[in-house]
Amino acid sequence: MISLSGVGKWYGAFQALDSINMSVAKGEKIVLCGPSGSGKSTLIRCINHLEAYQKGDIHVGGVRLGHGANAIDAVRREVGMVFQQFNLFPHLTVLQNCMLAPMRALGLNKAQAEDRARTLLERVKISEQSEKYPAQLSGGQQQRVAIARALCMRPKAMLFDEPTSALDPEMVKEVLDTMIALAEEGMTMICVTHEMGFARQVADRIVFMASGVIVEEAPPAEFFSNPKHERTRKFLGEVLGRH
Amino acid sequence: MISLSGVGKWYGAFQALDSINMSVAKGEKIVLCGPSGSGKSTLIRCINHLEAYQKGDIHVGGVRLGHGANAIDAVRREVGMVFQQFNLFPHLTVLQNCMLAPMRALGLNKAQAEDRARTLLERVKISEQSEKYPAQLSGGQQQRVAIARALCMRPKAMLFDEPTSALDPEMVKEVLDTMIALAEEGMTMICVTHEMGFARQVADRIVFMASGVIVEEAPPAEFFSNPKHERTRKFLGEVLGRH
Amino acid sequence: MNYTLDFTPVIDGLPNLLWACLGTFTLAISGMLLAIVIGIGGVILRQSRVKLLRWLVIGFVELIRNTPFLVQIFFIYFALPLAGIRLDPTPTAIIALGINGGAYAIEIIRGGVQSISKGQTEAGLALGLHKAQVFRLIILKPALRTIYPSLTSQFILLTLTTSIASAISAYELTSVSQRIESDSFRSFEVYFTVTVFYLFISWVMMRIFAFFSARYFSYPLR
Amino acid sequence: MGREEFLFLLTGLKWTVALSAVAFVCGCVAGLMVALLRTSGVAIIERLTAGYIAVFQGTPLLMQLFVVYYGLALIGIQMDAWAAVSVGLTLHASAFLGEIWRGSIEAVPRGQTEAAKALSLGYISRMKDVVLPQAIRISLPATVGFLVQLIKGTSLASIVGFTELTRAGNIISNQIFQPLTVFGIVGALYFLMCCPLTIYGAHLERKFLTASR
Amino acid sequence: ITPEEIKAKGKLVVGIQGDNPPWGFVTSAGKQDGFDADMGALFAKELGVEVEFVPLEVNNRIPALTSGRVDILFATMAMLPDRAKAVQFSQPYNANAIVLIGPKDKSIKTNEDMAGLTISVAKGAAQDTQVTKNAPSTATIRRYDGDAASVQALVSGQTDALGGNIFYLDRVEKAVPGKFENKLEFQKLYNGACTRLGEKELNVAVNAFIDKIKANGELKTIYDKWMKVPVPEFPTSLEGIPFTAN
Ligand SMILES: Nc1ncnc2c1ncn2[C@@H]1O[C@H](COP(=O)(O)OP(=O)(O)OP(=O)(O)O)[C@@H](O)[C@H]1O
Ligand SMILES: Nc1ncnc2c1ncn2[C@@H]1O[C@H](COP(=O)(O)OP(=O)(O)OP(=O)(O)O)[C@@H](O)[C@H]1O
Ligand SMILES: [Mg+2]
Ligand SMILES: [Mg+2]
């Protein structure tokens with residue numbers, strides 16, 4: 001479904017990604033973790049081409065996202081993305097947020113788009129809020145709207161970039177529950193998160209990055225119980241050690 | 001040192017605090033927790049009068065912070081505060097951030113203020129960054145500067161409002177370590193946080209709030225092992241249950 | 001067209017024109033400084049707890065913004081003498097420019113102040129600073145930074161507005177150029193030259209703004 | 001000042017309204033183009049637009065009108081008065097509005113554009129549905145401030161022969177020699193014309209404020 | 001443009017002042033009127049075409065002519081040598097005098113008496129040139145946009161004296177009766193019609209037209225109507241100002 005081979009990415013002289021190889025099968029759930037600045041966001045943003053990359057190849061659903069390729073739009077329609085800061089459109093209501101892209105990018109008419117939006121808002125359990133503006137919702141509610149908005153494009157895969165780290169502790173759960181439900185329905189997912197409980201529960205594989213390279217890649221059981229690299233162990237110590 | 005008796009606070013018709021009684025002795029460390037919207041921030045902000053309250057009394061270090069009292073400035077000089085969003089002044093360097101209030105509010109001269117600032121930046125282990133601007137620091141570093149800035153006023157007590165919840169997971173530790181060191185030196189502290197590991201380690205008492213009232217108040221051992229109220233149990237389940 | 005360009009009168013008048021540029025520049029800079037003072041002072045009053053002061057500022061802003069500069073300058077120059085206040089053209093022009101620019105500056109700066117998060121004020125208060133100190137030391141600079149482009153655009157406009165001061169015989173570029181024109185009747189040459197001079201003056205102003213921006217507003221942002 | 005003179009001022013007012021309408025429509029359309037080009041992300045286009053803004057912000061509207069109407073005629077391009085005024089006011093307004101709107105477009109958080117891209121919205125939809133509605137809110141006070149000045153700036157159109165409000169005031173004042181009275185009334189008429197705009201601007205500002213909170 | 005071309009297009013476009021009574025001004029009813037308007041209309045009638053007036057400001061009279069916006073100026077154009085380099089004057093058809101108006105209680109008899117005074121003039125008008133030329137350097141000259149502002153400056157007390165033409169005192173009297181009078185006369189001025197340099201045929205036509213109305217009394221009719229003084233003697237030549245194109 002998604003495959004990266006030898007991907008390299010530079011910001012000026014600084015190399016943010018170095019020969020990344022990764023492949024994600026249909027229905028697979030990947031959790032991406034690693035210290036701050038290790039390139040997790042950069043990697044995930046390359047996949048739907050919010051960032052250009054300079055080396056290697058990325059294929060998404062058979063389409064090659066080459067350097068300056070024209071296939072970007074096709075890929076973006078197939079791959080949904082959820083941001084840490086939600087990035088809801090503040091001037092549109094929840095419903096309008098969800099209807100915009102299906103109407104403008106997929107050409108649905110208003111009734112169809114509204115139908116679809118209502119269904120998905122229902123699914124993330126937020127249908128009563130559909131006439132409100134984003135600023136009137138709590139963080140957890142906003143993030144669920146963001147998920148619904150991405151799902152309205154009927155994507156084949158979803159990318160999550162730290163979807164819960166801007167949330168109050170109590171709201172984290174409602175978003176994680178939504179993501180777990182999505183995972184259970186078989187959505188292909190790549191998810192940057194430090195919620196190790198979630199990783200343990202849904203991930204098929206955990207990918208650990210540091211300084212722009214993939215250091216380790218393993219199923220959760222193995223990753224947590226038997227991390228191979230020193231760097232991984234140190235990281236797990238800091239993230240898990242506090243409670 | 002700090003005592004609240006029968007404090008009531010309304011936002012318009014909405015009652016945010018309801019007959020709060022609490023007293024904090026010199027050197028005591030209190031952790032305040034509770035669900036979102038329960039009034040934790042409101043309570044802590046009343047103590048240095050960032051919010052006015054309408055009922056009851058607050059005494060800080062012998063000074064009565066009455067309704068419309070004039071003693072506010074004296075109290076604010078004695079009580080330091082650290083915010084969730086750091087609130088460093090973006091147009092001043094780290095050093096200038098720390099020197100501003102001692103010079104303007106305490107009347108120190110430049111050399112004295114600089115001296116004091118450097119000492120405290122040293123103490124939060126950030127002295128190499130003193131010429132940088134806030135935007136050039138990581139979140140954890142910014143929060144440590146914010147702590148140093150508050151300490152530069154030589155406060156008798158410190159208030160923390162979720163100081164780690166805007167931080168990346170890895171940076172949480174460095175800020176908590178700073179707070180633990182401060183606690184060990186005997187600083188009086190009231191701290192809103194969901195870091196239960198920290199609470200367990202340093203708190204003399206944990207105060208649990210819900211809907212504007214104090215529901216339960218107990219030393220950590222008792223609080224975690226044997227919460228008395230249903231509401232407390234539910235909350236602990238959600239905050240601790242995820243890992 | 002049987003019209004040949006002849007720049008001799010303009011070249012003869014060049015010393016005069018250059019002095020006039022300086023006149024325009026003086027008007028612009030002084031008017032701008034006054035406008036900044038009025039702008040900042042107005043914003044402070046606008047936030048005052050005294051309702052009357054707030055309404056006075058709003059009334060001032062609306063009165064000045066919604067009437068032509070020419071009328072304002074006429075009023076100060078021709079009507080104030082009726083009340084015994086007689087000012088020379090240059091002070092009149094500076095005051096009129098300051099008042100006019102100040103009214104716009106109040107609105108612009110107010111926008112900037114409102115964009116600064118409440119957390120900044122709170123952090124200042126929590127450190128024991130007074131409200132006035134918080135405004136002066138903490139709010140003002142970041143606020144000015146956010147609205148700097150609008151504010152400088154407004155001041156460029158103010159620079160160009162100095163030309164209207166020629167109506168009351170202030171010494172500046174437009175009036176001097178019109179004299180050269182009316183002596184020589186070389187309108188095109190004069191207008192062309194003056195346009196270039198205005199462009200130059202605006203450019204200098206923009207450089208000054210850029211300098212201050214680099215000097216005071218270049219601290220990094222997230 | 002008699003009824004007759006007042007009516008004459010009102011005919012001038014009519015022209016001022018017409019000129020303002022032209023300036024608003026042409027200026028806003030062109031200003032939007034300038035702002036979009038200025039933020040296009042293509043280095044060369046951005047530099048050219050920055051130059052355009054610097055030149056037309058930096059030269060007085062009066063000179064622009066003079067050059068367009070009389071100067072171009074000299075080299076054989078005869079424009080009628082309406083065309084000349086439209087061109088002059090458009091250049092002037094587009095430079096200022098372009099700069100104001102550039103600022104506010106850049107002030108819309110980058111996350112908004114990224115979210116729109118991630119939803120595979122094209123450039124037009126991204127601008128029209130996502131960025132511009134937010135940018136307009138941000139720029140509202142500055143935009144209203146400039147439009148008000150633009151109304152008053154139309155008085156310079158008298159140089160190409162329009163007897164608009166200020167010019168009409170001049171004519172009357174030269175007939176009855178009471179400039180204070182005449183310009184007092186002219187000022188009041190401008191006030192009546194501009195005030196609805198600033199009031200409406202303040203109203204919109206409040207409305208946006210409540211909608212986003 | 002030639003008289004033939006004007007006849008062919010059927011319309012004479014006359015540049016005229018819009019705000020300078022009694023020469024050229026727009027009435028409150030919006031109609032162009034005044035001495036120059038009558039002249040223009042008469043000349044158009046002579047050519048057998050319609051007349052169209054373009055009201056101009058002091059500063060754009062010459063550009064409007066040279067850039068081809070108007071065919072001819074009947075626009076209170078005082079005949080000055082420098083102007084004659086930019087436009088072609090006809091023979092004079094109107095006379096005026098530039099004077100200094102000052103307070104009655106002040107003795108101003110010679111140019112030197114202007115020392116130390118603040119004098120208002122309309123910017124770019126003939127009085128500006130004359131006052132500038134004649135006043136000693138200790139006098140301050142303030143130049144305003146238009147007649148009204150310069151008069152108002154005197155009336156408000158912003159200036160001590162006013163440079164103007166023979167019609168100014170009337171207006172000053174209306175505002176502050178009995179305080180001011182004409183003090184000095186600087187210059188006799190003559191107004192001519194202006195055409196573009198080198199347009200010979202039109203210049204000839206205008207001169208012939210002026211000769212004709214002088215002879216048949218039509219000029220006197222207009223003079224009586226607006227100037228309310230007898231038609232003066234006009235000079236047959238002026239230093240540095242050719243009446244005919246060559
Ligand atoms: N626009 C940019 N220009 C230059 N360097 C950048 C840019 N964006 C990111 N970087 C650098 O690239 C590296 C990887 O950044 P990235 O945001 O992918 O890290 P991350 O793993 O997502 O970290 P975090 O957990 O903090 O989100 C970092 O060192 C960062 O400083
Ligand atoms: N300025 C305000 N106006 C009206 N209501 C407010 C205001 N500030 C807070 N409230 C309300 O008061 C209640 C208590 O708020 P407070 O911020 O103290 O909660 P909290 O316990 O700190 O929550 P959190 O964990 O989300 O920070 C909430 O219901 C909130 O909606
Ligand atoms: Mg990231
Ligand atoms: Mg809170």
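Q: What makes the charged end of R149(A) count as sitting over the ring of F89(A)?
A: In this predicted model, the charged end of R149(A) is 4.5 Å from the centre of the F89(A) ring. The cut-off for the distance is within 6 Å, together with a limit of within 35 degrees of the ring normal, and R149(A) is listed as sitting over the ring.

Q: Which residue of chain B has its charged end over the ring of Y11(B)?
A: That residue is K9(B), at 4.6 Å from the ring centre.

Q: Why is the pair of F7(C) and F192(C) called edge-to-face?
A: The ring planes of F7(C) and F192(C) stand at 70°, and planes over 60 degrees apart count as edge-to-face. The ring centres are 6.4 Å apart, and pairing needs centres within 6.5 Å. F7(C) lies in the segment before α1 of chain C and F192(C) in helix α10, 185 residues apart.

Q: Why is F7(C) called partly exposed?
A: Its relative accessibility is 30%; partly exposed is the class between under 20% and over 50%.

Q: Why is the pair of F155(C) and F209(C) called tilted?
A: Their planes are at 35°, which is neither under 30 nor over 60 degrees, so the pair is tilted. F155(C) belongs to helix α8 of chain C and F209(C) to helix α10, 54 residues apart.

Q: How do you know that F155(C) is buried?
A: The relative accessible area of F155(C) is 3%, and buried means under 20%. F209(C), at 7%, also counts as buried.

Note on methods:
Residues numbered from 1 in each chain as written. Chains lettered and ligands numbered in written order. Predicted model: local features only at pLDDT ≥ 70, side-chain atom pairs only at ≥ 80, totals over all residues. Heavy atoms only, no water. Phe/Tyr/Trp six-rings, centres within 6.5 Å; stacked < 30°, edge-to-face > 60°. Helix = DSSP H or I, 4+ residues; strand = E, 2+ residues; numbered from the N terminus. Buried < 20%, exposed > 50% of the residue type's maximum accessible area, 1.4 Å probe, protein only.
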